[in-house]
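Q: Please explain how the terms used for this structure follow from their definitions. The reader is a first-year student.

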Amino acid sequence: MGARIELVMKTVRQRIVTRNLTPGARLPSIRALAGTLQVSASTVAEAYERLVAEGAIVSRPGSGFFVANKTAPLCLAGAGPKLDRAIDPFWVSRQSLEAGGDDLKPGCGWLPPSWLAEGDLRRALRTVARGPITDLSDYGTPLGHPALRGLIARRAAEQGIEVPPDQIVLVESGTQAIDLLCRFLLEPGDTVLVDDPCYFNFHALLRAHRARMISVPYTPNGPDVEALASVLAEHRPRLYITNSAIHNPTGATLSPVIAHRVLKLAEEFGLTIIEDEIFADFEEAPAPRLAAFDGLERVIQIGSFSKTLSASARCGYITARRDWIEGLIDLKIATSFGGGRLNAELVHGVLSDGGYRKHMNGLRRRLAKAMFETTAKLNDIGIEPWVEPRAGLFLWCRLPGGRDAAEMARAALTRNVVLAPGNAFSLSQSAGGFMRFNVSQMRDERIFEVLRAVVA
């Protein structure tokens, strides 16, 4: 019985650490939590009493148990399931970012350096170096580089989104864009909706903002709209973060029918949507954009150039309704002051050069070839793609014979191969039999040798 009591206590502590239970929040009833964890009511009652003794929760006779009104320092490392800590989002990110030169990274989310536009980058660097000293030394304006914002506005028009440059705010990255929007739109304890699966750093960012997360299953055509309607009615989330163009990690594409139904539900339930289009330039033909259908009323579009241009030249953007721009600018000044003028100059120099379009055309062809070849090799091992992506870097694959992705990832890491197991992307922890593969990082045959070994 002692082990079961400890399980209940760890579960409650976990929910408090991740802010799923905020200070003052009422805990589930003893009977409800016993049913959820499949333990006896007496086990939960004893666990609650011990947590009261610790000071983590308080008892209010006749009302139930509540989280103590004190806020412990936020611990992001404790935000993932302890038994799965080795393969949580932070593990995937750290292993990929800290990998040595001999390590192979089919689980990472970016292109190999040799696939990027090195020549264009070097030319743009030389141009910036010859320019005014202010481009190398001064802060940027609050909205950001005017010419780059104009270019982003023209790119948006190609997707059917009519937006003037003064409704675009430049930021340091797509991650900072979401961070600013969370600061702008959320209060601690607010509910946010994510796809299941979704990009794992969405989870980390939302935990850092003390948000309560819920998820909706993702299908090959977009979110499951029946499940979405149910979740919106029950939980009334304030925000939904998603990809329309080349969903991460699945590679799926939003359909026009699903897009319209999502927007109708958003209007009915007062939902704001952040549409992350960081992979848009990998598309052969543009997918439907929620922002285009919506006209930037309920949808905020964000993006960056780290995937196609350079992860070192940190530059992203937020496209939002006009009456939100001043508030976002104030937050940007408060958190990063003027922003990166040098990076914006560099990005604009590359994007305004005709070589970028030529580079992207070649890159899309190269990725299509890698997608075809990688799919065939994975199929030979018994690893099957969940959907055939139209474009992009990622294959979301089902593992053979009920194999556990976490165990495969641990085994592969001992052989210097970094994988991305499915539950790192799944809030519900329902993707243990899936793995995300980056086809641009799958050119070394040693990866397939390791996969055959860990699958066997």
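A: Two strands are said to pair if DSSP finds at least two bridges between them. The model discussed here is predicted.

Q: What is the bridge partner of valine 171 in β10?
A: In β10, valine 171 has glycine 316 as its bridge partner.

Q: How do you know that β3 and β10 pair?
A: Pairing requires at least two bridges. Strand β3 is joined to β10 (residues 316-319) by 4 bridges, and the two run antiparallel; the requirement is therefore met.

Q: Why are β3 and β6 said to stand at the edges of the sheet?
A: The open sheet has 8 strands in the order β3-β10-β9-β8-β7-β4-β5-β6, with mixed pairing. Strands β3 (168-171) and β6 (222-223) each have a single partner strand, so one side of each lacks a neighbour in the sheet.

Q: Why is asparagine 248 called buried?
A: Buried means under 20% relative accessible area. Asparagine 248 has a relative accessibility of 3%, and therefore it counts as buried. Its place is in the loop between β7 (239-243) and α11 (256-269).

Q: What makes the link between the side chains of asparagine 248 and arginine 436 a polar contact?
A: A polar contact involves a pair of N or O atoms within 3.5 Å. The side chains of asparagine 248 and arginine 436 are joined by such a contact of 2.9 Å, a value within that cut-off.

Q: Which residues beyond four places in sequence are in contact with asparagine 248?
A: Among them are Cys198, Tyr199, Phe279 and Arg436.

Notes
Residues are numbered from 1 along each chain as its sequence is written. This is a predicted model: local features need pLDDT of at least 70, side-chain atom pairs count only at pLDDT 80 or more; totals for chains, interfaces and linings use all residues. Side-chain values use heavy atoms; hydrogens and water are left out. Buried means under 20% relative accessible area, exposed over 50%, partly exposed in between (1.4 Å probe, protein chains only). A polar contact is a pair of N or O atoms within 3.5 Å; within protein, one must be able to donate a hydrogen and the other to accept it, and residues adjacent in sequence count only if both atoms are side-chain atoms. Contact means heavy atoms within 4.5 Å.
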